[in-house]
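Hi everyone, thanks for coming. I'll walk you through one protein today, so have a look at it on the screen before we get going.

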Amino acid sequence: MAKDKSLKLGTNPPKRKKLSSVAKEEHVEEVMDTKVQKKRKKMEVEEAPVQIPHEMITANDKKQKKEKKRKKKQKTEQTETSDPPRRPEEAHVLEGEEDLTPDERRVLERKMKKILKKEEKNRLKAEGETQKKMEASGPIAPQQALDYLTCWAENRTEWKFQKTRQTWLLQHMFDSEKIPDDKFSVLLQYLEGLRGGARDTTVQKAMALVEESGQAPEDRAVQQRAHRAREVIQLLS
């Protein structure tokens with residue numbers, strides 16, 4: 001029995017050795033991990049940028065800005081005192097061209113003068129064309145209205161009613177400068193077919209002109225309009 005116990009006890013140490021080896025391996029791994037972590041922390045500390053306080057940064061920025069402003073002011077004062085006053089044309093041409101030689105400046109000035117002259121010429125040309133268009137478009141409406149009336153009298157097959165032309169004729173029918181006497185006689189014939197509100201409005205306007213003529217008996221233009229108005233009233237009443 002004693003031998004059996006000793007044999008049984010003798011069989012336990014190998015198992016303890018296996019457990020101790022596993023524990024050693026785990027311990028070695030833990031030590032390695034701690035070393036790696038310490039090394040990483042050390043590297044992070046070394047690589048991390050030095051943090052400068054925000055107050056120091058703002059103070060330095062303010063100093064740099066003040067210094068830049070002071071230098072810029074000194075530079076502008078020096079240029080104003082050293083450079084003579086230039087004409088507007090020279091300032092426009094030579095601004096930013098300080099590095100050019102005198103010959104290059106003269107060439108550049110000539111080119112700029114040509115460009116400015118061409119731009120001015122184009123501007124005047126455009127203004128002249130606009131003015132011509134305005135002058136040409138001025139008498140278009142009266143002429144179209146008179147042509148409309150002539151077409152009604154002479155070529156009834158091609159004539160078509162146009163309200164805008166009729167409106168212009170009714171508005172200016174009493175003005176001998178815009179509607180000559182020969183055209184007014186044709187207009188009276190045209191008015192015979194006038195109907196509705198346009199007919200009533202034309203009669204009212206003619207009566208108002210006749211009343212106005214009584215207040216200005218010596219005014220030739222007023223009397224001439226009143227003469228036409230009487231003819232219209234006689235025709236349409």
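Let me start with a question: which residues in H9 meet which residues in H10? Keep that in mind for a moment while I set the scene.

What you're looking at is a predicted model. The secondary structure of the protein comes to 10 helices and 0 strands. If you read the elements from the N terminus, you get α-α-α-α-α-α-α-α-α-α. Out of the 237 residues in the protein, 16% are buried. And if you take the contacts between residues at least 6 apart in sequence, 51% of them join residues at least 24 apart.

Okay, back to my question. On the H9 side, the residues are Arg199, Thr202, Val203, Ala206, Met207, Leu209, Val210, Glu212 and Ser213. On the H10 side, they meet Val222, Gln223, Arg225, Ala226, Ala229, Arg230, Val232, Ile233, Leu235 and Leu236. Sorted by character, the residues of this contact of H9 with H10 are 12 nonpolar, 3 polar and 4 charged.

How do the two helices sit against each other? In general, you describe two packed helices by the angle between their axes and the distance between the axes. Here, H9 covers residues 196-215 and H10 covers residues 220-236, and their axes come within 8 Å and cross at roughly 140°. That angle makes H9 oblique to H10. As for handedness, H9 passes H10 in a left-handed crossing.

Let's zoom in on one residue from that list, Gln223, which has its place in helix H10. Is Gln223 buried or exposed? Somewhere in between: its relative accessible area is 25%, so Gln223 counts as partly exposed. If we skip its neighbours within four places in sequence, Gln223 is in contact with Ser213, Ala216 and Pro217. You can also check Gln223 against Leu209: they are 14 residues apart in sequence, and 8.8 Å apart in space, C-alpha to C-alpha.

Now for the rings. The structure holds 3 aromatic pairs, and I'll show you two of them. A pair of aromatic rings is described by the distance of the centres and the angle of the planes. Take Tyr148 and Tyr190: their ring centres are 6.0 Å apart and their planes are at 75°, so this pair is edge-to-face. Tyr148 is in helix H6, residues 140-154, while Tyr190 is in helix H8, residues 181-191, so the pair links distant parts of the chain, 42 residues apart. Tyr148 has 4% relative accessibility, so it counts as buried. Tyr190 is buried too, with a relative accessible area of 8%.

Tyr190 has another partner, Trp152: here the centres are 5.3 Å apart and the planes are at 85°, so this pair is also edge-to-face. Again the pair links distant parts of the chain, with Trp152 in helix H6 and Tyr190 in helix H8, 38 residues apart. Trp152 is buried, just like Tyr190. Put the ring pairs together and they link Tyr148, Trp152, Trp159 and Tyr190 into a cluster.

One last stop: which residues in H8 are buried? They are Phe184, Val186, Leu187, Leu188, Tyr190 and Leu191. And what covers them? The cover includes H6, helix H7 (163-172), H9 and H10. That brings us back to the two helices we started with, so I'll stop here and take your questions.

Notes. Residues numbered from 1 in each chain as written. Predicted model: local features only at pLDDT ≥ 70, side-chain atom pairs only at ≥ 80, totals over all residues. Heavy atoms only, no water. Axes fitted to C-alpha atoms, helices over the stretch in contact; angles between N-to-C directions. Helix = DSSP H or I, 4+ residues; strand = E, 2+ residues; numbered from the N terminus. Parallel < 35°, antiparallel > 145°, perpendicular 65-115°, else oblique. Left-handed = near helix turned anticlockwise from the far one by under 90°. Contact = heavy atoms within 4.5 Å. Nonpolar A, V, L, I, M, F, W, Y, C, P; charged D, E, K, R; others polar. Phe/Tyr/Trp six-rings, centres within 6.5 Å; stacked < 30°, edge-to-face > 60°. Buried < 20%, exposed > 50% of the residue type's maximum accessible area, 1.4 Å probe, protein only.
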